[in-house]
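Here is a walk through one protein structure, from its nonpolar interior to its charged surface. Keep the sequence and the coordinates side by side as you read.

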Amino acid sequence: MPGSVLVDELFQGHVELQRGEGWVKPWRLPYSRRALFPSPDEGLLTRAETTSGVRLRFATESRQVRLSFQPLPTTEPAAGRAGFHFDLTIGADLVQSVSVAPGGDEALFADLPAGDKIVEIWLSQEIPVALTGLKGDASCRPVAEDRPRWVTYGSSLTHCVRAHSPARTWPALVARRRGLHLTSLGFGGQCHLDAMVGMIIADLPADYITLKLGINTISGSLSARSYPAAVVALVQIIRQKHPDTPIALVSAIGYPPRETDPNPVGYTIGAQRRDMEDVHGRLQSLGDTNLIYVNGLEVFDLDLIARYTEDQCHPDGDGIEIQAENFDRAVMDRLLT
């Protein structure tokens, strides 16, 4: 099988590529500036090292494509799966999903449609992946990208380790349906409205930006005093380089433990939603007419939480697909018009 050099132009959905002897690892924050992203136990960088939303995009006539990588982690996959999934899509269609056992080092996609086609291979949303090769029975060629670019920022609810497979996280489902180039900055447990993450978003090319903020900060990292100010600051940082880009502020989805029961700093999810809506009104009053607010309960309400979660927080794979439908309707219908 002819091999293809893993050139930068093949990669999408990452922020920076780390290169070693014979391997390439995508990161969703800049590896070369990792010292600027401190967190306890390096939790933020650990999530940024995983490849949620990251993919290879290329044109090929191949009927069979083999993706190779350094041995995958031997940790247990999420949601009781036997392996880590890699997906191949053509356009909006999920053509094939391959499960690779922990410690495995390749994913083989066979019996692909004949003829020249643009293919995307989505890397596992759960783990870091260091790629070592891409081979097909014909050449795999980088292609120009002309799709509108969408950047989304959020927590584990955007990271989506419980999704059925990487092309079925809710950001991937929405992007595939809408024909968008996705960069998903979903960091499980680590969406604390970091100013440095705002600076990264500001530096990324983007036609649309969505900020799904709140669930991680209800642990107590932000209060009624600091949360609204942090939302304002995050938007203002992004606006320095995206003055007119449509931005959606999306508050937390249903979270029964803190809907009305105050956290250790006296804050609730309900109050967060109220405060984000207030921030939206303040920024609009100062002339930010390309900013919308969406109540997170429109994306995933308390009834859905009861039906599709085991922990009152994280939707399962089926729930994530409902979340995609609702996000597309409640947020993207408004943002893209």
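**From the core outwards**

The largest nonpolar core holds 73 residues, and those with the most contacts inside it are Trp-150, Tyr-153, Leu-211 and Leu-213. Helix α8 supplies the largest share of this core, seven residues. Another core lies apart from it. That one has 29 residues, among them Val-54, Leu-56, Val-100 and Val-129. Keep in mind throughout that this is a predicted model.

Turn now to the charged side chains. The whole structure contains 20 salt bridges. Some of them join up: Arg-55, Arg-57, Glu-120, Glu-145 and Arg-147 are linked in a network of salt bridges.

Two pairs in this network deserve a look. Start with Arg-57 and Glu-145. They form a salt bridge, with the closest N and O atoms 3.7 Å apart. What does this pair tie together? Arg-57 sits in strand β5 (residues 55-60), while Glu-145 sits in the loop between β12 (140-141) and β13 (149-154), so the bridge connects parts that are 88 residues apart in sequence. The partners differ in burial. Arg-57 has a relative accessible area of 9%, so this arginine is buried. Glu-145 reaches 21%, so this glutamate counts as partly exposed. The cut-off matters here, because buried means under 20%.

Glu-145 has a second partner to consider. Its side chain also meets that of Arg-147 in a salt bridge, at 2.7 Å from N to O. Is Arg-147 buried or exposed? At 18% relative accessibility, Arg-147 counts as buried.

Move to helix α6 for a local pair. Here the side chains of Asp-278 and Arg-282 meet in a salt bridge, again with an N to O distance of 2.7 Å. Why are they separated by about one helical turn? Because they are four residues apart in helix α6 (residues 269-285). Asp-278 is partly exposed at 38% relative accessibility. Arg-282 is exposed, at 53%.

Next, a charged patch. Glu-310, Asp-311, Asp-316 and Asp-318 form a negative surface patch. Salt-bridged residues are left out of such patches by definition, so these four side chains are without a salt bridge. Take Asp-311 as one of its members. This residue is found in the loop between α7 (302-308) and α8 (317-335). With a relative accessible area of 35%, Asp-311 is partly exposed. A patch residue needs over 30% relative accessible area, so Asp-311 passes that cut-off. Helix α8, which follows this loop, is also the helix that gives seven residues to the largest core.

Finish with the backbone. Most residues other than glycine have a negative phi. Which residues here have a positive phi although they are not glycines? Asp-111 is one of them, with a phi of about 55°. Cys-160 is another, at about 65°.

Both sit in loops, but their surroundings contrast. Asp-111 belongs to the loop between β9 (106-109) and β10 (117-122). At 70% relative accessibility, Asp-111 is exposed. Cys-160 lies in the loop between α2 (156-159) and α3 (170-178). At 2% relative accessibility, Cys-160 is buried.

Technical notes:
Residues are numbered from 1 along each chain as its sequence is written. This is a predicted model: local features need pLDDT of at least 70, side-chain atom pairs count only at pLDDT 80 or more; totals for chains, interfaces and linings use all residues. Side-chain values use heavy atoms; hydrogens and water are left out. Patches are made of residues with over 30% relative accessible area and no salt bridge: like charges are joined within 9 Å, nonpolar side chains (Val, Leu, Ile, Met, Phe, Trp, Tyr) within 5 Å. Accessible areas come from the Shrake-Rupley method with a 1.4 Å probe; for residues, only the protein chains shown count as cover. Lys and Arg count as positive and Asp and Glu as negative; His and the chain ends are not counted. The place of a charge is taken as NZ of Lys, CZ of Arg, CG of Asp or CD of Glu. Helices (H or I, at least four residues) and strands (E, at least two) are DSSP runs, numbered from the N terminus. Buried means under 20% relative accessible area, exposed over 50%, partly exposed in between (1.4 Å probe, protein chains only). A nonpolar core is a set of buried Ala, Val, Leu, Ile, Met, Phe, Trp, Tyr and Cys residues joined through side-chain atoms within 4.5 Å.
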